[in-house]
Amino acid sequence: MSIEELALNIIQSNLGWLLLALVLIVVVLKAVKIVPQSEQHVVERFGRLRAVLGPGINLIVPFFDKIAHQISILERQLPTASQDAITRDNVLVQVDTSVFYRIIEPEKTVYRIRDVDSAIATTVAGIVRAEIGMMDLDEVQANRSALIATIKNNVVESVENWGIEVTRAEILDVNLDAATRAAMMQQLNAERARRAQVTEAEGKKRAVELAADAELYASEQTAKARRVLADAEAYATQIVAVAINENGLEAAQYQIALKQVEALGVMSSGAGSNTIVVPSEALAAFGDAFKLLKGRS
């Protein structure tokens with residue numbers, strides 16, 4: 001008996017067992033499902049939701065259950081969308097937005113919405129127009145972070161029933177038409193010119209204030225100097241008065257005579273003075289001074 005005949009006899013005698021083993025293998029392959037970490041599988045039984053399989057090894061009822069949808073739970077980014085909006089002060093702007101989201105409940109996403117990306121994009125466009133319509137252009141430019149937060153919160157509330165989590169919502173750019181941009185540039189230039197004029201005026205005002213402060217300081221110092229001189233003069237007068245009180249009238253006459261002699265000395269020492277006219281009173285003053293000096297000696 002050849003090897004082929006022997007193998008054929010073995011197969012014929014064990015055909016039932018072989019078929020049973022084959023069926024078991026098929027059943028195991030149908031029952032065991034391995035789900036990747038980045039996915040969740042939606043299982044249907046006779047067209048109705050049965051379960052949602054998470055990552056790892058899962059068991060289903062073969063020939064009754066089937067994997068109807070394989071949903072990726074990775075974060076997704078919608079294509080950058082541009083939509084026109086009108087601000088509260090009637091300025092037409094073009095807003096570029098971008099949204100990031102992920103599916104967290106595949107059973108809701110599969111059975112409640114057909115085109116997720118389109119639905120989210122439409123929702124975002126409506127919310128952006130509504131929010132910008134309640135703000136002036138300056139507020140849109142200055143409070144972009146607050147606007148982004150408001151848009152994200154509204155989008156989260158709108159897509160909550162779809163089993164979607166919105167992770168980020170960004171306003172990439174706010175563009176203006178050419179006419180509005182030119183008007184804003186003129187306004188900006190005018191504001192810059194106004195600030196320059198204000199700065200120049202404040203500089204001139206400050207210069208005037210500093211000059212006035214300098215004049216006031218000089219006047220105060222002059223007044224202080226005069227007061228010092230007056231105090232010195234008063235002190236000298238007091239000393240003379242004390243001397244007169246102690247020595248009588250002769251001390252006063254002596255001081256006057258000395259002053260007259262000093263004055264004549266100054267006059268005689270001047271440049272180009274060849275002739276000195278001495279009044280008779282001066283001669284008498286000389287005499288009195290010498291008398292006084294003689295009396296003191």
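Which strand holds Asp65? Asp65 lies in strand S5 (residues 65-72); the view of that residue comes second below.

This is a predicted model, in which local features need pLDDT of at least 70, side-chain atom pairs count only at pLDDT 80 or more, and totals for chains, interfaces and linings use all residues. Residues are numbered from 1 along each chain as its sequence is written, and side-chain values use heavy atoms, with hydrogens and water left out.

**View 1. The whole chain has nine helices and nine strands.** Helices (H or I, at least four residues) and strands (E, at least two) are DSSP runs, numbered from the N terminus. The mean pLDDT of the protein is 81, and 76% of the residues score at least 70. pLDDT is the predictor's confidence in each residue, from 0 to 100. Among the elements, strand S2 (residues 39-45) has the highest mean, 93. Helix H9 (residues 280-296) has the lowest, 53. Where pLDDT is low, the predicted coordinates should not be read in detail. Of the 297 residues, 23% count as buried. Buried means under 20% relative accessible area, exposed over 50%, and partly exposed in between (1.4 Å probe, protein chains only). The accessible surface comes to about 20700 Å², with 58% belonging to carbon and sulfur atoms. These areas come from the Shrake-Rupley method with a 1.4 Å probe; for residues, only the protein chains shown count as cover. Of the contacts with a separation of 6 or more, 64% join residues 24 or more positions apart. Contact means heavy atoms within 4.5 Å.

**View 2. Asp65 in S5 makes a polar contact with Arg45.** The two side chains meet at 2.5 Å. A polar contact is a pair of N or O atoms within 3.5 Å; within protein, one must be able to donate a hydrogen and the other to accept it, and residues adjacent in sequence count only if both atoms are side-chain atoms. Asp65 counts as buried because its relative accessibility is 10%. Beyond residues up to four places away in sequence, Asp65 touches Val43, Glu44, Arg45, Arg50 and Ile60.

**View 3. Phe63 sits in the loop between strand S4 (56-59) and S5.** Its phi is near 70°, a positive value in a residue other than glycine. Most residues other than glycine have a negative phi. Phe63 has 60% relative accessibility, so Phe63 counts as exposed.

**View 4. S7 and S8 form a hairpin with five residues between them.** The strands pair in the antiparallel sense over six bridges. Pairing requires that DSSP finds at least two bridges between two strands. Ser82 stands opposite Asp96 in S8. Asn90 lies in the loop between S7 and S8. Phi of Asn90 is near 60°, again positive in a residue other than glycine. With 66% relative accessibility, Asn90 counts as exposed.

**View 5. Helix H4 (residues 116-132) agrees with its expected span.** The expected span of a helix is 1.5 Å times one less than its number of residues. The 17 residues of H4 should therefore span 24 Å, and the end C-alpha atoms are 24 Å apart. Asp115 caps the N-terminal end of H4. A side-chain oxygen of Asp115 lies 3.5 Å from the backbone nitrogen of Asp117. Buried residues of H4 include Val116, Ala119, Ile120, Val124 and Ile127. The buried residues pack against strands S7 (81-86), S8 (92-103) and S9 (164-176). They also pack against helices H3 (106-112), H5 (137-142) and H6 (144-159).

**View 6. Thr123 of H4 touches Ser158 and Trp162.** Residues up to four places away in sequence are not counted here. Thr123 has a relative accessible area of 18%, so Thr123 is buried.

**View 7. Val110 in helix H3 is in contact with Val42, His69 and Ile71.** Neighbours within four places in sequence are left aside. Val110 and Ala68 are 42 residues apart in sequence. In space, they are 9.8 Å apart, C-alpha to C-alpha.
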